[in-house]
Amino acid sequence: MKLSKLNFSMAQITRRDFFKEIGRECLIRGILPCWLFALLKSTHVYGAKRAEILQEARYYKKLPHGRVRCHLCFRGCEILPGKRGFCRNRENINGVLYSIVYAKPAAHQIDPIEKEPSFHMIPGTHILCTATASCNFRCKFCHNWHLSQRSMEEIPFSIIKPEEIVKKALEHRCETVSFTYSEPTVFYEYMFDIVRIAKTKGLKTLYHTNGSISSEPLLDLLKYMDAVTVDLKAFTESFYTDISSSELEPVLQTLKTIKSYGRHLEIVNLVIPTLNDDPVDIKRMCLWIKTNLGKGVPLHFNRFFPNYKLTNLPPTPIETLERAHRIAKEEGLEYVYIGNVPGHEMNSTFCPKCKKKIIHRTHFSVSAKEVKNGKCRFCGYPIEGIWA
Ligand code: SF4
């Protein structure tokens with residue numbers, strides 16, 4: 001699950017309220033307010049409506065009468081002149097498709113890598129996260145809806161070029177640049193240019209996605225991406241249709257492509273009471289993961305809290321998460337976690353062979369690592385992930 005973002009509405013907020021809101025969110029989330037402030041001090045645009053930096057989109061075709069078809073994600077939007085795609089971020093201007101959010105992040109901050117979550121990638125290090133407005137899903141439970149369910153004109157953004165993002169990551173000693181909070185696919189061109197530069201500077205790269213990207217752009221991106229965290233929101237088409245206005249099948253295809261390309265993959269399943277917590281579906285999902293991706297792919301069962309349009313449901317009972325954990329282990333998955341429950345024993349990593357605790361973790365904080373050269377320090381069992 002992606003954690004909630006800043007609670008503001010561009011229509012009403014003053015600069016003072018904006019920073020007050022950031023401070024409040026920092027306290028709630030336990031992130032590093034002074035670092036965040038240092039980053040935001042460099043903001044070039046505050047409250048601007050639309051800066052005229054446009055980047056021609058990739059992965060689209062021109063059609064008769066000035067129309068275009070975007071192939072970046074499963075939706076394949078046909079877009080008339082002057083209109084935008086479903087994601088609100090790609091606009092047809094005189095028969096040419098543009099990414100209108102290029103170099104216009106609405107969020108950029110430093111987080112622990114565990115917050116992504118990415119538990120098997122250089123644990124205890126920091127990531128510089130970047131996101132623009134909007135998304136190509138409409139999840140009723142979205143914890144980042146202030147960002148993801150808004151178009152770029154509705155929220156503040158900065159103007160930050162790709163090379164400046166990389167420079168900030170290096171300056172703030174982040175080992176990784178990450179793309180998260182909203183759906184990074186809908187700012188693909190910006191992300192692509194950042195990771196291309198980041199790799200030349202020795203940084204690692206991480207993409208947290210809903211998995212709905214088409215295969216050609218995904219394969220191009222994976223050349224520069226070290227790891228991907230995918231939200232597998234449920235294992236039924238009905239959930240994807242009714243709760244997220246999207247589709248399951250493209251997500252499954254994305255998972256297989258990432259794995260077969262050989263990139264590090266982790267999966268997050270936000271368990272929502274009554275909507276996707278059926279043990280039969282969880283068992284089918286775990287079996288599918290083991291069969292198609294392998295038993296070593298880390299799986300995170302995260303706790304739901306009421307938010308956005310799903311405020312009528314209670315938080316996920318801990319027992320439901322523990323039941324899901326038990327099912328996954330019985331199906332043979334090696335690394336299964338319980339998330340959004342700080343202090344739960346299953347925040348930590350255990351060696352599948354000798355069963356010893358090899359990464360001591362409390363929520364996002366790592367206190368001990370017993371993985372040496374990618375192997376359990378106690379018994380030598382190879383642990384899937386990126387450790388160096
Ligand atoms: S990326 Fe946006 S415009 Fe392109 S197909 Fe997906 S929703 Fe439509």
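Let's start with contacts along the chain: among those with a separation of 6 or more, 67% are between residues 24 or more positions apart. Please keep in mind that this is a predicted model. The chain has 388 residues, and 47% of them count as buried. As for secondary structure, there are 10 helices and 19 strands.

Now to the eight-stranded sheet. This sheet is open, its pairing is mixed, and its strands follow the order β7-β8-β9-β10-β11-β12-β13-β14. Which strands stand at the edges? They are β7, residues 107-112, and β14, residues 336-339. Each has a single partner strand, so one side of each is left without a neighbour in the sheet. From one strand to the next, the twist averages 20°.

If you'd like to follow along in the structure, find β8 at residues 126-131 and β9 at residues 176-179. These two strands run parallel and are paired over four bridges. A handy place to look is T130, which has F179 of β9 opposite.

At the other end of the strand order, let's look at β14 again. An edge strand may lack a neighbour on one side within the sheet, but what about the faces of β14: are they covered or not? Both are covered. On one side sit V336 and I338, on the other Y337 and G339, and all of these residues are buried. The partner of β14 is β13, residues 299-303, in a parallel pairing over four bridges. Within that pairing, F301 is placed opposite I338. To get from β13 to β14, the chain passes through helix α10, residues 318-330, in a right-handed β-α-β crossover.

On to the three-stranded sheet. This one is also described as open, with antiparallel pairing and the order β1-β6-β5. Here β1, at 55-56, and β5, at 90-93, are the edge strands; each has a single partner, so one side of each has no neighbour in the sheet. Between β5 and β6, which covers residues 96-99, there are four bridges, and the two strands run antiparallel. For one pair to click on, E91 has Y98 of β6 as its bridge partner.

Next, the ligand. Which residues are around it? The list is C70, L72, C73, R75, G76, C77, G85, F86, C87, R90, N136 and V186. Sorted by class, that shell has seven nonpolar, three polar and two charged residues. R90 is worth a second look, as this residue belongs to the ligand's surroundings and also falls in β5, at 90-93.

Finally, a few backbone details for those of you who like checking geometry. E116 and P117 are joined by a cis peptide bond, with omega about 0°. You'll find P117 in the loop between β7 and β8.

Then there are two residues with positive phi that are not glycines. R88 has a phi of about 70° and lies in the loop between β4, at 78-79, and β5. T274 also has a phi of about 70°, and its loop runs between β12, at 264-271, and α9, at 279-292. Are these two buried or exposed? R88 counts as buried because 20 C-beta neighbours lie inside 10 Å. T274, with 8 other C-beta atoms within 10 Å, is exposed.

That's my tour, and I'm happy to go back to any part of the structure with you.

Methods
Residues numbered from 1 in each chain as written. Predicted model: local features only at pLDDT ≥ 70, side-chain atom pairs only at ≥ 80, totals over all residues. Pairing = 2+ DSSP bridges. Axes fitted to C-alpha atoms, helices over the stretch in contact; angles between N-to-C directions. Near = placed C-beta within 6 Å. Nonpolar A, V, L, I, M, F, W, Y, C, P; charged D, E, K, R; others polar. Buried ≥ 20, exposed ≤ 12 C-beta atoms within 10 Å, placed from the backbone. Right-handed = clockwise from strand over helix to strand, strands pointing away. Contact = placed C-beta atoms within 7 Å.
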